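I sat down with this one to see how its helices pack and where the chain holds to itself. My notes follow in the order I took them.

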Amino acid sequence: MRKNEMRIASAALFAVFALALLCRVGYAQSDTLWTQSITDGERAYTEGRYIEAEKHFLAALKVAERFGSEDPRLAASLNNLGVLYWTQGRYVDAEPLHKRALAIREKVRGPEHPEVAQSLDNLAKLYRTQGRYAEAEPLFRRALAIWEKALGPNHPEMAKTFNNLAHLYVDQGKYTEGESLYKRAISIWENLPGSDQSDLAAGLNGLAVLYRRQGKYAQAEPLYKRALAIWEKVLGPDHPHVALNLDNLGVFFAVQGKFVEAEPLHKRALGILEKVLGPEHPDVGISLNNLAAFYRDQRRYGDAEPFYKRALIIMEKALGPEHPTLLKILENYAAMLRLMNKPTDAVPLENHAKAIRAKQAQASPTK
């Protein structure tokens, strides 16, 4: 396994986040306006038109505030805007929206309602993306308990949360737990007629990443290719999910020394992400790191360095100076600078990385 590989189903794009859909019958004029704004926002979000989606979701939120501080439509509006901000890498903006939506739903719907599970899953996914694993896991577990009681053990919502929790475990190197959950999710999606094929591809891609990290290449490759075929068919060739799979497949080939196959996959993935998400999205930063690592492993240090520099700028701006992903890029880049015989340039990066690790150790003392 390469020390510098990072891409996993974890990238923000891959997460299964639920937009809120409510019954839209019999409301007055304000509700009609709210419904239209939500519908337009959901359509724009699904198509990757995030700036337009934000305008619609903010309009829906403004209308929903008129319905009262505990109205379910307000919770739905907050949830949708939180999902959008998460997708854009605006995690600080997303968290209070998800917390407020959760509080409304718990009070109005009760603690075991499916809408509460939806909010729990979304908030947990946000925490996982930020590396706040200890906060995320109990939220995922609580969501699963609600889904199972309300909808049964084989419902697609159960599969989505299984998949999300599997990502969390893989992030922490808990591969046995992650594999079991991926397989449960995939089994649900494969055996339920009408299940979302994009969700199935997400599970296949996640399991492929897990196997690749364990060096089980023969098991990983057909899963990657099946996921890519599904996503390209269902979402089109320029969707961020396709980019995620291409990047993962590029890492998969590179760790086996198949550099000719890997390079165009990494470049195509980066191009899609920059086009759809913009040049400063965290997923662009991860893709840049992966391309830099690809060049570094071939001793093409001059090609790798600008990608590392740009990845650091993006990740620190988007995630803050202490994020686990930033730590990995700092260490990757510093190690390459050592190989380039540039110790003076490496030391500040190493010191930054050491400071992050020290803070993480302080926050999670060994028991």
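**Entry 1: α1 and α2.** I began with this pair, and α1 and α2 turn out to be roughly antiparallel to each other, because angles over 145 degrees count as such and theirs is about 160°. I should say at once that I am working from a predicted model. Helix α1 covers residues 29–46 and helix α2 residues 50–64, and I found their axes 8 Å apart. I looked up the hand of the crossing as well, and for α1 and α2 it is left-handed. Next I listed who touches whom: α1 brings S30, L33, W34, S37, I38, D40, G41, E42, A44 and Y45, while α2 brings Y50, E52, A53, H56, F57, A59, A60, V63 and A64. Sorted by class, the residues of this contact are twelve nonpolar, four polar and three charged.

**Entry 2: confidence.** I then checked how far to trust the chain. Its mean pLDDT is 89, and 91% of the residues reach 70 or more. I flagged residues 1–17, where pLDDT is below 50; the model still gives this stretch 91 contacts beyond near neighbours in sequence. I put a second flag on residues 21–27, where pLDDT stays under 50 and the model has 13 contacts beyond four places in sequence.

**Entry 3: α7 and α8.** Which way do α7 and α8 run relative to each other? I read a crossing angle of roughly 160° between helix α7 (residues 156–171) and helix α8 (residues 175–191), with axes that come within 8 Å. The two are therefore roughly antiparallel. Their crossing is left-handed. From α7 I noted P156, M158, A159, K160, F162, N163, L165, A166, H167, Y169 and V170 in the contact; from α8, Y175, E177, G178, L181, Y182, R184, A185, I188 and W189. The class count for α7 with α8 is 14 nonpolar, three polar and three charged residues.

**Entry 4: α9 and α11.** Here I met another orientation. Helix α9 (residues 197–213) packs on helix α11 (residues 240–254) at about 20°, with the axes 11 Å apart, and that angle makes α9 roughly parallel to α11. I found a left-handed crossing for this pair too. S198, N205, V209 and R212 make the contact from α9, and H241, L244, N245, N248, V251 and F252 from α11. I split these residues into four nonpolar, five polar and one charged.

**Entry 5: salt bridges.** How many salt bridges does the structure hold? I get 32. Side chains of opposite charge can pair when their charged atoms come close. One that I looked up joins the side chains of E106 and R142, at 2.8 Å from N to O. This pair links distant parts of the chain: E106 lies in helix α4 (residues 91–109) and R142 in helix α6 (residues 133–151), 36 residues apart.

Notes. Residues are numbered from 1 along each chain as its sequence is written. This is a predicted model: local features need pLDDT of at least 70, side-chain atom pairs count only at pLDDT 80 or more; totals for chains, interfaces and linings use all residues. Side-chain values use heavy atoms; hydrogens and water are left out. Axes are lines fitted to C-alpha atoms, for helices over the stretch in contact, and angles run from 0 to 180 degrees between N-to-C directions. Helices (H or I, at least four residues) and strands (E, at least two) are DSSP runs, numbered from the N terminus. Angles under 35 degrees count as roughly parallel, over 145 as roughly antiparallel, 65 to 115 as roughly perpendicular and the rest as oblique. A crossing is left-handed if the near helix is turned anticlockwise from the far one by less than a right angle, and right-handed if clockwise. Contact means heavy atoms within 4.5 Å. Ala, Val, Leu, Ile, Met, Phe, Trp, Tyr, Cys and Pro count as nonpolar, Asp, Glu, Lys and Arg as charged, and the others, Gly among them, as polar. pLDDT is the predictor's confidence in each residue, from 0 to 100. A salt bridge is a side-chain nitrogen of Lys or Arg within 4 Å of a carboxyl oxygen of Asp or Glu.
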